[in-house]
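Work through the exercises below with the model open. Try each task before reading its solution.

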Amino acid sequence: MNLTTDPVPSLVRAIAVPASVGFFFNTMFNVVDTYFAGLISTQALAALSLSFPVFFIILALGSGVSTGTTALIATSLGAGDTARARMMAVQGVAFGVLLAAAVTALGLVLSPWLFSLLGASGDYLDLCLQYMNPIFWGSGFFILNYMLNAVLNAQGDTVSFRNFLIISFFLNCLLDPWLMYGWLGLPAMGITGIALATVLIQLTGCLYLGNRVRLTELMCRDCLKEIAPRPRAFGEIIGQGLPTSLNFVTVGLGVFVITYFVSAFGREAVAAYGVATRVEQIMLLPAIGLNIATVTIVAQNNGARQFARISETVRTALAYGGAFMAAAGIVLFIAAGSLMRLFTGDGAVVGIGTFYLRIAAFVLYSYVILYVNVAALQGVKKPGYGLFIGVLRQIALPLIVFPLFSRVMNLGLAGIWWGIFAITWSAAIITSFYARARLKALR
């Protein structure tokens with residue numbers, strides 16, 4: 001496919017659909033983890049839910065730097081500079097390795113304090129650490145997979161990562177019970193086994209995606225000689241990737257903030273929020289695919305100076321997203337209770353999660369507006385706004401709105417759910433106006 005000449009609607013579909021399918025299986029991967037944690041105990045399920053914001057920070061760092069690197073590589077390809085695109089691809093992988101080492105060290109040191117801050121203690125804290133410590137040790141595989149995928153995404157290849165995510169899901173269905181219960185001579189490892197299964201699967205992904213990257217024009221026999229860090233290239237990756245990465249980190253911090261306020265209402269509320277967000281993620285999968293398509297297509301057309309195609313890409317992605325989210329919202333509102341009961345038989349957890357999901361059904365399209373417009377700004381190498389709106393939406397406003405709605409207005413836990421509704425839609429509207437103005441100025 002040619003991202004600078006082929007019809008935009010067909011390009012959006014060709015990139016977004018495989019990405020969405022892949023992330024469906026990635027979400028189902030998390031659903032499998034949630035299901036098996038629930039078989040251990042409600043406390044194990046709550047521990048997995050409590051671990052999610054900490055785990056998400058790893059994913060956010062990898063995803064953010066990956067998105068920034070994709071934009072840099074794609075812009076060079078759009079400008080016809082293959083040599084520079086190749087250099088940025090190799091340096092992106094090198095940067096990912098160093099980032100992973102830092103994440104591992106900081107995670108192992110800080111995670112006990114973070115979980116304690118969220119209210120975990122005793123056996124509850126121990127379960128959280130049993131899950132997260134192996135994840136931190138394997139964080140290099142997570143981040144390296146993201147960087148390898150950045151090289152593929154920049155060329156419009158979302159099929160390879162989709163294939164890895166599909167295989168990952170089926171491997172997880174096998175490895176989770178195997179390591180958790182200890183079959184074929186292995187000791188039963190409980191929630192630690194769930195974490196180890198995830199790490200082993202990420203290692204498999206590194207081997208597969210590394211081979212796929214090796215076959216592209218952006219890798220060559222002599223590329224390993226160029227993997228030594230280059231300050232200028234690292235500076236560009238940091239300049240483009242760090243704001244994007246920190247924007248994703250704010251999502252993890254936002255989950256952390258939400259979990260902090262939710263934890264005041266008990267472990268059932270934390271478990272309900274953890275399960276409900278897994279369900280919500282499934283509904284948002286098309287938005288993730290559209291985000292990836294927008295970054296890739298906009299970045300290459302920005303490099304080629306095809307500004308009219310940039311605006312067309314944003315309009316097309318928003319139209320597709322609107323259709324998907326309308327259907328998803330109807331399903332989510334009607335089937336909220338049934339979806340919650342797939343993961344837990346605890347009536348209190350089901351009731352809390354059902355109420356959250358019925359509010360979330362009316363929030364879905366706001367995420368599409370946010371993701372697509374921020375992705376377009378990243379594609380034209382203006383990632384700073386994403387960090388601004390991320391901090392505002394995930395940290396600043398929740399710290400004001402959640403206490404106001406839940407305590408001052410006496411709405412209790414429902415105040416947090418309605419707070420998410422109000423904050424997300426406000427951020428989406430602001431972002432839409434800002435992105436439209438910036439892209440108009442670019443033309």
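**Exercise 1. Place Thr70 and decide whether Thr70 is buried or exposed.**

Step 1: Thr70 sits in helix H2, residues 42–78. Helices here are DSSP runs of H or I with at least four residues, numbered from the N terminus.
Step 2: Thr70 has 4% relative accessibility, so Thr70 counts as buried. Buried means under 20% relative accessible area, exposed over 50%, partly exposed in between (1.4 Å probe, protein chains only).
Step 3: Leave out residues up to four places away in sequence; Thr70 then touches Ala150, Asn153, Ala154, Val295 and Thr296. Contact means heavy atoms within 4.5 Å.

The model is predicted: local features need pLDDT of at least 70, side-chain atom pairs count only at pLDDT 80 or more, and totals for chains, interfaces and linings use all residues. Residues are numbered from 1 along each chain as its sequence is written, and side-chain values use heavy atoms, without hydrogens and water.

**Exercise 2. Find the loop that holds Asn410 and describe Asn410 there.**

Step 1: Asn410 lies in the loop between helix H14 (384–408) and helix H15 (413–442).
Step 2: The phi of Asn410 is positive, about 60°, although Asn410 is not a glycine.
Step 3: Relative accessibility is 66%, so Asn410 counts as exposed.

**Exercise 3. Which elements give two or more residues to the lining of the second largest pocket?**

Step 1: Helix H11 (307–341) and H15 do.
Step 2: Sort the lining by class: three nonpolar, three polar and four charged residues. Ala, Val, Leu, Ile, Met, Phe, Trp, Tyr, Cys and Pro count as nonpolar, Asp, Glu, Lys and Arg as charged, and the others, Gly among them, as polar.
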